[in-house]
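Got the viewer open? Let's take a short walk through the model, one selection at a time.

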2 protein chains.
Amino acid sequence: MEFSNTASFQFSKAGNVFRNLLERKMAEIGLHSGQVFVLMELWKIDGQRQIDLASRLRLSPPTVNKILGGLIGADFVTRGRYEDDARSTRIYLTQKGIDVREQVERQWVELEELVLGELTETERLVLFQLLEKIIGGG
Amino acid sequence: MEFSNTASFQFSKAGNVFRNLLERKMAEIGLHSGQVFVLMELWKIDGQRQIDLASRLRLSPPTVNKILGGLIGADFVTRGRYEDDARSTRIYLTQKGIDVREQVERQWVELEELVLGELTETERLVLFQLLEKIIGGG
DNA sequence: GATTATTTATTAGCCAGCTAATCACAGTTT
DNA sequence: AAACTGTGATTAGCTGGCTAATAAATAATC
């Protein structure tokens with residue numbers, strides 16, 4: 001069996017390539033790859049509980065917890081109380097966390113170009129749809 | 001900007017899904033996700049130096065070194081001397097490392113089905129080719 | 001009301017990536 | 001021969017993902 005002829009194999013390799021590029025692009029503006037996705041979620045809905053962040057991001061609660069530690073340490077985010085439940089905390093964007101969005105958007109456009117540079121517009125759309133199917137199935 | 005409409009975003013999410021599935025399938029036969037790729041490389045060419053493994057796998061030397069530690073500990077692989085250069089070591093498959101290939105192949109087929117289950121044969125081929133382009137560019 | 005079960009956050013610890021820094025050896029240069 | 005340069009393996013330490021186990025608070029049940 002020739003593993004390298006399978007889509008799974010290519011997918012894994014491409015995943016490494018992508019992660020390295022993502023990390024590099026985000027490092028330029030003082031962020032790590034995992035932090036960006038948490039910020040994106042908070043830009044949509046600020047003040048979410050950690051458990052809801054984890055659920056929406058499809059990540060485990062400990063993973064989100066660890067990432068939040070970094071974001072709090074870098075002052076992109078703060079923890080607040082959740083009114084009617086002492087177990088939960090609300091996560092709020094700081095001004096820095098709000099302001100960094102513009103930079104992330106710029107880097108994201110460049111990332112998209114780096115990763116998909118050799119693909120036509122049609123190919124990008126096809127790839128997007130295929131990935132959507134994979135995510136839905138997983 | 002709606003990040004979730006970009007291929008990069010979907011790619012990252014799909015990457016997480018894939019890695020989780022890969023890890024789960026390989027755990028069933030006592031392997032970790034990273035170890036499998038090193039074994040695949042050794043199944044092609046046994047007795048490679050670590051630096052060559054890293055280069056062919058497109059991984060950093062420390063990453064390969066760490067993975068080899070696990071493979072040696074689980075007796076899938078052994079370290080040997082490199083004849084004309086005392087800096088290098090040759091990595092050899094053990095009998096266990098040779099024998100496990102059949103199981104990996106079976107798991108790999110199932111993985112492919114899990115990940116790409118909702119895709120037609122044509123879509124899989126298209127995906128494969130798009131991923132190839134991405135890897136080439138990165 | 002007291003006990004039990006569930007949920008949320010957190011800690012500990014694992015593997016997979018990475019970079020930076022060491023150490024030992026090989027090769028070159030002078 | 002000696003000094004410098006380069007290369008291969010390794011160590012230390014980081015982020016990002018995970019599971020398992022705790023602790024605290026809420027919810028449910030008896």
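The tour goes from a sheet to a helix and then to the contact between chains.

This is a predicted model, where local features need pLDDT of at least 70, side-chain atom pairs count only at pLDDT 80 or more, and totals for chains, interfaces and linings use all residues. Residues are numbered from 1 along each chain as its sequence is written, with chains lettered from A in the order in which they are written.

Start with the sheet in chain A: three strands form an open, antiparallel sheet in the order β1-β3-β2. (Strands are DSSP runs of E, at least two residues, and helices are runs of H or I, at least four, numbered from the N terminus; two strands pair if DSSP finds at least two bridges between them.) Select 48–49 and 77–81 of chain A for the edge strands, β1 and β2, each pairing on one side only. Next, add 89–93, which is β3(A), joined to β1(A) by two bridges. Zoom in on A:Q48 and you'll find A:I91 opposite.

Now pick 50–57 of chain A, helix α3, where A:Q50, A:L53 and A:A54 are buried (20 or more other C-beta atoms within 10 Å of the residue's own, C-beta atoms being placed from the backbone). Why are they on the same side of α3(A)? Because they cover an arc of only 100 degrees around the axis, taken from the directions from the helix axis to the C-beta atoms. Just past α3(A), click A:R58: its phi is positive, about 55 degrees.

Finally, show both chains: the contact (C-beta atoms within 7 Å) takes 40 residues from chain B and 40 from chain A. On the chain B side, select α1 (7–27), α5 (95–116) and α6 (121–137), the elements that give two or more residues. The largest share, 13 residues, comes from α1(B).

Conventions. A residue is buried if 20 or more other C-beta atoms lie within 10 Å of its own, exposed if 12 or fewer, and partly exposed in between; C-beta atoms are placed from the backbone. Two residues are in contact if their C-beta atoms, placed from the backbone, lie within 7 Å.
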